[in-house]
Amino acid sequence: MNIVDFTYSHIPEAASLAHANYDEERNSVPALPPVTKIPDLTPYAENGLGVAAFEGNRMLGFLCCVSPFKNAFGSTEAVGVFSPMGANGAIRVNRSEIYARMYQAAGKKWANAGVSSHAVCLYAHDRETQEQFFRYGFGMRCVDTIREMNDITAPSCAGYSFSELTHDEFPQILPLEHMLDAHMAASPTFMLRPSETPDSFMKQAEYFHSAYFVAKNNDRIVAYIRAELDGETFICDTPGYIHVKGAYCLQEHRGKGLNQKLLSLLIQKFKTSYTRLGVDYESINPTAYGFWRKYFTAYTHSVVRRIDENVLNS
């Protein structure tokens, strides 16, 4: 096996390999939409941070990443890179060993570029490759999931009323959004998210065409779910796709089925216009992990490693 720099000449073969890996995951997750092509790999040849594995003239795999960015995960002081879905792939035979060799070469490049946070998106049903990354000190961090727009069973939730907010009512959600930020900063998630101002909150909602469904108790909003035209992987650009961006329920109203009811209402509203619903969440957030996995099927697990920054200085 020979590991080389990823170049423009590798793009056609890498794209074909990435497409084959996606179709492989589709066999395990039928809700995934068919795609005609993988996003353009040209930027990965341009930044010089990718590698490819060859046996003779045959490509065995490739591992690329976006260019380094500051404040990995939005709040840390680490410089990060991320290899998104479609920016890496390998043949099935000896796949974990191929990824092991590729990361050893790519990780060196990333460290030489001053990057201490290394993140790679892997397909959820490729257990052997995930195990290899775990052996290299990575841990699971993010999950992308999907479902078809079939109805779910939800309780009646006596004592609560449910509705979709009008655009003018969106600011009523902001206090709960800030509570969600505090929840994300607490143990064991430890993810500090900057809280939106009223202006930035409304601009985000308008840009992504957000929709909010809420549960009220005594005319007070106690839970919400948010949907928008966005997503974390390239399938968000396929026809008929919409994404759940967030949900939150006040602590004293949990365990009563409010989130199930809100998800049910969201599906009923959008199932005539959309065929697939996605959601991404942090696996390190036990509340999200416990809820979303009941109704959605995972198709990616992103793994992350934080290397010793002192190594970068040596």
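1. In this predicted model, Ser116 counts as buried because its relative accessibility is 1%, and a residue is called buried when that value is under 20%. Ser116 is found in the loop between α3 (95–112) and β6 (117–123). The side chain of Ser116 makes a polar contact with the side chain of Glu309, at 3.2 Å. Leaving aside residues up to four places away in sequence, Ser116 touches Ala78, Val79, Arg305, Arg306, Ile307, Glu309 and Leu312, and Glu309 is therefore a residue to look at twice when you inspect this site in the structure.

2. A second loop residue to examine is Gly137, which is found in the loop between α4 and β7 (139–148). With a relative accessibility of 47%, Gly137 counts as partly exposed, whereas Ser116, at 1%, counts as buried. Gly137 and Arg305 are 168 residues apart in sequence, and yet their C-alpha atoms are 6.2 Å apart in space. When residues up to four places away in sequence are not counted, Gly137 touches Val304 and Arg305; Arg305 is also one of the residues that Ser116 touches.

3. The next points concern salt bridges, of which the count comes to 14. One of them joins Lys109 and Asp5, whose closest N and O atoms are 2.8 Å apart. This pair links distant parts of the chain, since Lys109 is in helix α3 and Asp5 is in strand β1 (residues 2–5), 104 residues apart. The two partners fall into separate accessibility classes: Lys109 counts as buried at 18%, while Asp5 is partly exposed, with a relative accessible area of 47%. A careful reader will notice that the value for Lys109 is 18%, and that the label "buried" applies to it because the cut-off is under 20%.

4. The side chains of Glu24 and Arg95 also meet in a salt bridge, with an N to O distance of 2.9 Å. Because Glu24 lies in helix α1 (residues 11–28) and Arg95 lies in helix α3, the pair ties together parts that are 71 residues apart in sequence. Glu24 is partly exposed, with a relative accessible area of 23%, whereas Arg95, at 8% relative accessibility, counts as buried.

5. A further salt bridge is formed by the side chains of Asp181 and Arg193, at 2.8 Å from N to O. Asp181 lies in helix α5 (residues 174–185) and Arg193 in the loop between α5 and α6 (198–207), so the parts tied together here are 12 residues apart in sequence. Asp181 counts as buried, with 9% relative accessibility, and Arg193 is partly exposed, with a relative accessible area of 29%. Elsewhere, salt bridges that share partners join Glu24, Arg92, Arg95 and Asp126 into one network.

6. The last point is the second largest pocket, which has a volume of about 230 Å³. Its lining is made up of Asn21, Glu24, Glu25, Ser28, Arg92, Arg95, Tyr123, His125, Asp126, Glu128 and Thr129. The elements that give two or more residues to this lining are α1 and α4 (127–135), and α1 gives the most, with 4 residues. Sorted by class, the lining of the second largest pocket has 1 nonpolar, 4 polar and 6 charged residues. Among the lining residues are Glu24, Arg92, Arg95 and Asp126, which salt bridges with shared partners join into one network.

Key. Residues numbered from 1 in each chain as written. Predicted model: local features only at pLDDT ≥ 70, side-chain atom pairs only at ≥ 80, totals over all residues. Heavy atoms only, no water. Buried < 20%, exposed > 50% of the residue type's maximum accessible area, 1.4 Å probe, protein only. Polar contact = N/O pair within 3.5 Å; in protein donor to acceptor, adjacent residues only side chain to side chain. Contact = heavy atoms within 4.5 Å. Salt bridge = Lys/Arg side-chain N within 4 Å of Asp/Glu carboxyl O. 1 Å grid on protein atoms, 1.4 Å probe; cavity = no way out; pocket = protein on both sides within 12 Å on 5 of 7 lines; lining within 4 Å. Points joined across faces, edges and corners; volume = space filled by probe spheres on them. Nonpolar A, V, L, I, M, F, W, Y, C, P; charged D, E, K, R; others polar.
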